[in-house]
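Trainee: Could you walk me through a structure that is new to me? I would like to learn how to read its features one at a time.

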Amino acid sequence: MHHRSRTPGPKLLGVAIAAVLGLGVAVPPAFAGPAAGPSADADPVPGLVAGSDTAAPQLVTGLAEAAPGDNPAEAARAYLAAHQDRYRVDPAQLAEAGVERATDGRRTVRFEQRHGGIPVFGARYLVHLVGEGAGQRVESAGGKYFTGLTAPTVQSVPDEALRRLAIGAVQDQAARAGAAAEDHGLVVLPGGAGRLARHFTVRGSDPAVWAAKAQEVFVDAAVGEVALSYEVRAPYPVGAPAAAAAAAPAVEPATGTAPDALGRPARVNIGRLPDGTYQLVDLTRPATVTTYDAAGRDELDFRTLPADALPAASATTDFPAATGTSGATDAHLNAAAVYDFYRDRLGRDGIDGKAGPITSVVNVTSFGEPMNNAYWDGQKMIYGGGSGKYRPFSVARDVAGHEMTHGVVEHTAELVNLGQSGALDEALADYFGNAIEVTSRGIPMTDPRAALLGEDLCRTGTPEACAGRRLDDRRTTVADYVGAPAGVDSGGVHLNSTIVSGALWDIRRTLDPLLADRLVYRALAEYLTPLDDFVDARNAVLAAGRALGLDRAQLRTVAGAFDAHGIKDGWQRRIGVDSRPLMRELSTESAAPDVAAGRWVVATAGKGAKGSMAVYAGAVAGSAEPARLSPEDGRSHGWPATDGTTAAWAAMGPGADGTWGMEVLARPLAGGPVRSVHRGVNQFLGDVRVSGGDVAFLLSDHTTGRSGPVISRAGAPEVPIALPEGHEAAGLALHDGLLAWTESWQVGERTVSAPTVYSLAAGKVVAQYVVDDANATAGTAVGSLRMAGGRLLWVETPFDRTKGSTIRSGALDGSGVTDLLPAGPRPGTGTGTDSGTGTEPRRIAGLTASDRAVTFAEADRQVTGGTKNADLPKLWQLPLTGGTPERMSCNRGGQYLPVADRGTRVVWLDATAGRTDLVVRERAAGTC
Ligand SMILES: [Zn+2]
């Protein structure tokens, strides 16, 4: 239920998967109704919802159009072909992906889109049929089908390079070591023209970072760059060998008694083995329910059930005390209760809908410590044994229902675990987990504790204090949506889930609970598709309501619940911000912006740039549209920098001669020819900087092992800067003829770092400030170098997390250091209950400076699992001469990668509005 974040996420700030894929904002519904505004009589179910970034509609309801035939899939395909003027769906690009038959006989035909035979990521189109044979009719249809795809279908980057890039997408070095990439083949990522990508699942071997985690990585197969990456919710693929089960001996059904976690005796369905002993195997249902006791073994041992793992056992029908204290009895009873809820109430035969086995593993530990968590791993439920204030996690029926519902989602809507679609998955798991608990335990919806999730887990404290979430928290999109990067809580999947589950819970409280459960289940099983967002979910539930025969008043109740939680068209535009947007909806991977003299540059994918990353430029003042600066040459263009006159950046992909490589390019902002500064094959080029016509970059040559800064002065040949043997440079800054970097080298066991300044005119180092605490056992990170106001600024952050970051500055001639911001306790951001205590050490994430002001990014507290807005960095500004930092902006979401222009003006990437925008403010906001 709670996901931990041990692996730092990829450098992908796209908060909404639609934005990552460049799908654009949802277009207002093109409902062909009367032009007047909504009235009390208006149909709450939209008749036609236009698609986003496609000509195919997202949803068409209220139909009764003939689709005769005995084969539902063939009839649906012929129907779409006959109505191409409306659907714009090419039947030749549809692959049948199954037919779902509901208890009332309706069929949902599910198609997957192909582009030249290659699956399109997340694209599903659904057709709903009623009636039979010659009288068969289409009642509604919709989903995601992308009509603008022109991406290549042939891979141009070698397999091995793609695999290396996939593993390289894992930022953490420890996690990268020993990681393996499972290859799923080619897919087309939607968004504009689409991108051909190779899909990998990256799993590592280091348990300290990889326990129960995996990363989905999509690498652009035309230019060789990571296009999309996010954490897998269920780390083990559906259908992987289940092991152990095959070795289980034949059992016959029996009943027995087992103590629950509180020691109370409970009747349990068990299995009798040939040797006369018993196990927690329930054979009374079509799906076999089996419960294993891990007896404190590590969760990693249960990636696949080990051969020596056995279901919880007993010599007699009277199970021992340990069956209760481990949580096994509760898991066994809860798994059966969840199965019964889905079967009896909703007509679903288990997690996979086909009576597949239902397996729980209780009492696991994690890294040798008690585990206070539970998750669905793609095949089974894994429950921690609890510790301290927590009971075993299997005691909470809502937690069991939550995890098993993730399995149901995986077999139905297949929601992608990122941003809004991931938050929808969490919301559905919360809704059904809660519904299963209150229904099976007879708790009325009016009970003050009916909305709590996980409230049974606490040994001490009140249920309210203990509950992980509550569905009556009244959160709304506009007031509460937290824009988070993919690396934090998979883009806020838990941070934002109750916005939707709260609306669903309100429907359950207001309508009849059984009707609400059938409504939400029908939306999940028959209407939702993998990339759907909050508004798609609203429309899916309303369409399901019409299919279920809800009357006008009931449908208005449903629409009203979504309205009350701000889930309606255009909610992102209503989120208040105190910054001005310069460019909206960036895909933002590798898109650190730059600004100088009122002109900015940024890289983003989509935006008509044929899928790959492209460099855009614009002016801070005025309203002119951003202009694309990089050529459309099939390569990926990123890491741009500007001095206000010229932009420089790195391009990646096949060159004119077809060989794959990188190139540093430069071009005047006013337009004109693109100049090649440096082209290298088998070289990595990064950290591009430009100042007064000089261009600097970092070069790392795979074949020679040579690496270091390279400077290219206007009109002169490029000059590599030689560093002493064993020294490395990182983090370039270039300003008025001076180049700065962080130089590091080993002294015995420890790493020494030194902010270093090099004069281009003199051709030598003119200042070096060595950071070498010989007593430090862990060392210090030195970075974020900037030159401003005649000084060099940098951030020092000890690896020892009990010590805080410091901002230091030194004279450019090496004559002395002062502390600009000492390592005091971090300030609280004042964002209500999320706000930090103000006593933790500072952890500064990035710094920028003008001649007047220093601006830095800092989260209120360290990322501890990505569950609070306080985990997301906010910007702070103080005078270059020192002083107290003030909030740069009171925007509530994540604020990233600030760059200073003149004076106090700062440009940054802001995720507050439910997507990532490039924004600007002229001065600090002060106190928020
Ligand atoms: Zn969950």
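Mentor: Gladly. Let us begin with burial: in this predicted model, 59% of the 928 residues of the protein count as buried. The accessible surface comes to about 33,800 Å², and carbon and sulfur atoms hold 52% of that surface.

Trainee: How many helices and strands does the secondary structure of the protein come to?

Mentor: There are 17 helices and 51 strands. You can also ask how contacts spread along the chain: among contacts with a separation of 6 or more, 56% join residues 24 or more positions apart.

Trainee: What does burial look like for a single residue, say Ser-360?

Mentor: Buried means under 20% relative accessible area. Ser-360 has 0% relative accessibility, so Ser-360 counts as buried. Ser-360 is found in strand β18, residues 358–366. Now set aside the neighbours within four places in sequence: Ser-360 is then in contact with Thr-290, Thr-291, Tyr-292, Ala-331, Ala-335, Met-381 and Tyr-383.

Trainee: Now sheets, please. In what order do the strands of the open sheet with β12 and β17 come?

Mentor: To read a sheet, follow the strands from one edge to the other. Here the order is β12-β13-β14-β17, with antiparallel pairing. The edges are β12 (252–259) and β17; each has a single partner strand, so one side of each has no neighbour in the sheet. Helix α8, residues 328–346, packs on this sheet and touches β12 and β13 (265–272). The direction of α8 makes about 80° with that of β13.

Trainee: How many bridges pair β14 with β17?

Mentor: Two bridges pair strand β14 (residues 278–279) with β17, in the antiparallel sense. Look at Gln-279, which stands opposite Ala-313 in β17.

Trainee: Is there a second sheet I can practise on?

Mentor: Yes, try the open sheet of four strands with the order β37-β38-β39-β40, where the pairing is again antiparallel. Its edge strands, β37 (728–735) and β40 (764–768), each pair on one side only. From one strand to the next, the twist averages 30°. Within this sheet, β38 (residues 738–747) and β39 (residues 750–759) are joined by 10 bridges. One partnership to find is Trp-741 with Thr-756 in β39.

Trainee: Back to the helices: why is α8 described as roughly perpendicular to α10?

Mentor: Angles of 65 to 115 degrees count as roughly perpendicular. The axes of α8 and α10 (residues 419–440) cross at roughly 90° and come within 10 Å, which makes α8 roughly perpendicular to α10. On the α8 side, the contact is made by Val-338, Phe-341, Tyr-342, Arg-345 and Leu-346. On the α10 side, Phe-432, Ala-435, Ile-436 and Thr-439 take part. Sorted by class, this contact has seven nonpolar residues, one polar and one charged.

Trainee: Last topic, backbone angles. Where does Ala-295 lie, and what is its phi?

Mentor: When you scan phi values, look for positive ones in residues other than glycine. Ala-295 is such a case, with phi near 50°. Ala-295 lies in the loop between β16 (289–293) and β17 (313–314), and with a relative accessible area of 58% Ala-295 is exposed.

Trainee: And which element holds Asp-687?

Mentor: Asp-687 is found in strand β33, residues 683–691. Its phi is also positive, near 55°. Asp-687 is partly exposed, with a relative accessible area of 23%.

Conventions
Residues are numbered from 1 along each chain as its sequence is written. This is a predicted model: local features need pLDDT of at least 70, side-chain atom pairs count only at pLDDT 80 or more; totals for chains, interfaces and linings use all residues. Side-chain values use heavy atoms; hydrogens and water are left out. Two strands pair if DSSP finds at least two bridges between them. Axes are lines fitted to C-alpha atoms, for helices over the stretch in contact, and angles run from 0 to 180 degrees between N-to-C directions. Buried means under 20% relative accessible area, exposed over 50%, partly exposed in between (1.4 Å probe, protein chains only). Contact means heavy atoms within 4.5 Å. Angles under 35 degrees count as roughly parallel, over 145 as roughly antiparallel, 65 to 115 as roughly perpendicular and the rest as oblique. Ala, Val, Leu, Ile, Met, Phe, Trp, Tyr, Cys and Pro count as nonpolar, Asp, Glu, Lys and Arg as charged, and the others, Gly among them, as polar. Accessible areas come from the Shrake-Rupley method with a 1.4 Å probe; for residues, only the protein chains shown count as cover.
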